[in-house]
Amino acid sequence: MNDQTGDELTFGIEEEFFVVDRDGRLAQADDVVDRAAETGGDNGELQHELTRAQAEIATDVCRTRGEALQRLRELREDLAAAARRQNRRLLPAASPPVSEEGLPDVTPSPRYERIGEHFGATARTSLTCGCHVHVAIPDKETGIQVLGRIRPWLPALLTVTANSAIADGYDTGYRSWRYQQWSRWPSAGPPPRFASLDEYESVVDAWLRSGAILDRGMVYWDARLSEKQPTIEFRIADVAATPEEAVLLGVLARGLVATALADDDPPPDLPNEVLRAHLWRASRDGISGCCPHPRSGDLAPAKAVLADLIEVTSSALESAGDLEFAQEATAQLCAEGCGADRQRRRFAERGRGEDVVDLLAGNP
C-alpha cells in the first residue's frame, strides 16, 4: 500500500467496518463488498474481513493528508452506498453496540476458515474493527529502530480514535473496548523492544512453530513491520468515527516515524509489562481521561500527552504541512471527545445501543 519516492514519506490507511441491518444488528457484508468493488474502489481496495459481517477499505499510497482524506471519504461512501442498496448500513464502530442473538459466520475463504477452526471462540467472537496506518521506511533493519522509538507513544495514539465504549447493548466502562477484546489473540499487544531484526524474526518463527500464529499475517502487535510493503504498520487504533479523525491518526503516525528516523539516540528502555499497563489505561480513559506519560510514566491528562506528542513531532509535521491541521484537529477532538465519548453521551439518553448505531451510521 505504500512506497517511498526520494525523501518523501508516504502513508496509507486501512479501515474495518461492520455492516448492520436497519435495526443495527450485524448483517452479511459479502455482497456489499462485492457490489462496492464493482462500482467504486478507484482510490484504493475494498476487501472482505474475518467475519461475514465486516468489510475493509485500504487507500492507495498517499503523499498528503488531503489525498488520504479524499480517498477515505470516497471509499467509505462506496461501501455505504452499496450497503444502502441492500437495505443495510455501514457502521464505523470498533465493537457492535447492539446485543446480538448469535455470532456471524467466518468468511468462507481457506485462510479465514483455517483461522476460525484453529482459534475457536477467539476468532468467532473477535467482533472488532480497527484502523491501521502504514508509513514508509527505508528497510526492515531501520524499521526495528523505528519500532523501538515509537513504542512509548502507542497509548497516546490509542486515545485519538477510541470508539468502542458501548458494546453488546451496555456501557463497557472503556473508551476502547475493542483493545481489550483484541488482546485475547496470542500475538496481540505491544511490540517488545527488539535489539535486532534477527530477534524480531526469532519471535515470529517461535510463534509459527508453536501454532500461536498460522502465518506471518497474524503478527498482531500494536505496531509491526508489514509483510507486504516496506512500512511500519500501526495497528493500535479503533476504526475512527469520522474520516477526519482517521487522517489525524495517520498524520501523527507519519510524524512519529519521521521523527524516529531522524533520531540517533537509543530507543527508550520501556519494559513491555509497563507499556501494557499504559495501554490498558489509555483504552479505559481515551482522550477525556488520563494517560501515563511516555517519558515519566506518571498519569497526566490524555489531552496534555497528545499535546506533547505534537510538540515532539512538530518539526516532521511542519515539514509535511500537517502541523496546523494536527493542532486544530486535536483541539476539536479534545473539546468534543473521541468517538467513544460521543457514543456514551448518546447511550446515556435512553440506554439503547440502537441509538449509538443511528449516531454513527446515520438514521435509517
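Axis angles over 145 degrees between two helices count as roughly antiparallel. In this predicted model, the axes of helix 6 and helix 9 cross at roughly 165° and come within 9 Å. Helix 6 and helix 9 are therefore roughly antiparallel to each other. The crossing of helix 6 past helix 9 is right-handed. On the helix 6 side, the contact is made by L157, V160 and T161; on the helix 9 side, E245, L248, L249, L252 and L256 take part. By class, the residues of this contact comprise six nonpolar, one polar and one charged.

Helix 6 spans residues 154-161 and is mostly covered, with eight of its eight residues buried. The buried residues are L154, P155, A156, L157, L158, T159, V160 and T161. Among them, L157, V160 and T161 also meet helix 9.

The largest nonpolar core of the model contains 117 residues. Helix 9, residues 243-261, supplies the largest share of this core, 10 residues. The residues with the most contacts inside the core are L79, W185, F234 and L252. One of these, L252, belongs to the set of helix 9 residues that meet helix 6. Another, L79, touches F17, V32, V33, A36, L46, A55, I57 and L90, when residues up to four places away in sequence are not counted.

A second helix pair was examined towards the C-terminal part of the numbering, formed by helix 14 (residues 339-350) and helix 15 (residues 353-361). The axes of helix 14 and helix 15 come within 8 Å and cross at roughly 140°. Angles from 65 to 115 degrees count as roughly perpendicular and those over 145 as roughly antiparallel; helix 14 and helix 15 are therefore oblique to each other. Helix 14 passes helix 15 in a right-handed crossing. In this contact, R342, Q343, R346, F347 and R350 of helix 14 meet G353, D355, V356, L359 and L360 of helix 15. The contact has four nonpolar, two polar and four charged residues.

Within helix 14, the buried residues are G339, A340, D341, R342, Q343, R344 and F347. These buried residues pack against two strands, strand 6 (166-167) and strand 7 (170-171), and against helix 9, helix 13 (323-336) and helix 15. Helix 9 is thus a partner of the buried residues of helix 14 as well as of helix 6. Helix 14 is followed by G351, which has a positive phi near 70°.

Conventions: Residues are numbered from 1 along each chain as its sequence is written. This is a predicted model: local features need pLDDT of at least 70, side-chain atom pairs count only at pLDDT 80 or more; totals for chains, interfaces and linings use all residues. Side-chain values use heavy atoms; hydrogens and water are left out. Axes are lines fitted to C-alpha atoms, for helices over the stretch in contact, and angles run from 0 to 180 degrees between N-to-C directions. Helices (H or I, at least four residues) and strands (E, at least two) are DSSP runs, numbered from the N terminus. Angles under 35 degrees count as roughly parallel, over 145 as roughly antiparallel, 65 to 115 as roughly perpendicular and the rest as oblique. A crossing is left-handed if the near helix is turned anticlockwise from the far one by less than a right angle, and right-handed if clockwise. Contact means heavy atoms within 4.5 Å. Ala, Val, Leu, Ile, Met, Phe, Trp, Tyr, Cys and Pro count as nonpolar, Asp, Glu, Lys and Arg as charged, and the others, Gly among them, as polar. Buried means under 20% relative accessible area, exposed over 50%, partly exposed in between (1.4 Å probe, protein chains only). A nonpolar core is a set of buried Ala, Val, Leu, Ile, Met, Phe, Trp, Tyr and Cys residues joined through side-chain atoms within 4.5 Å.
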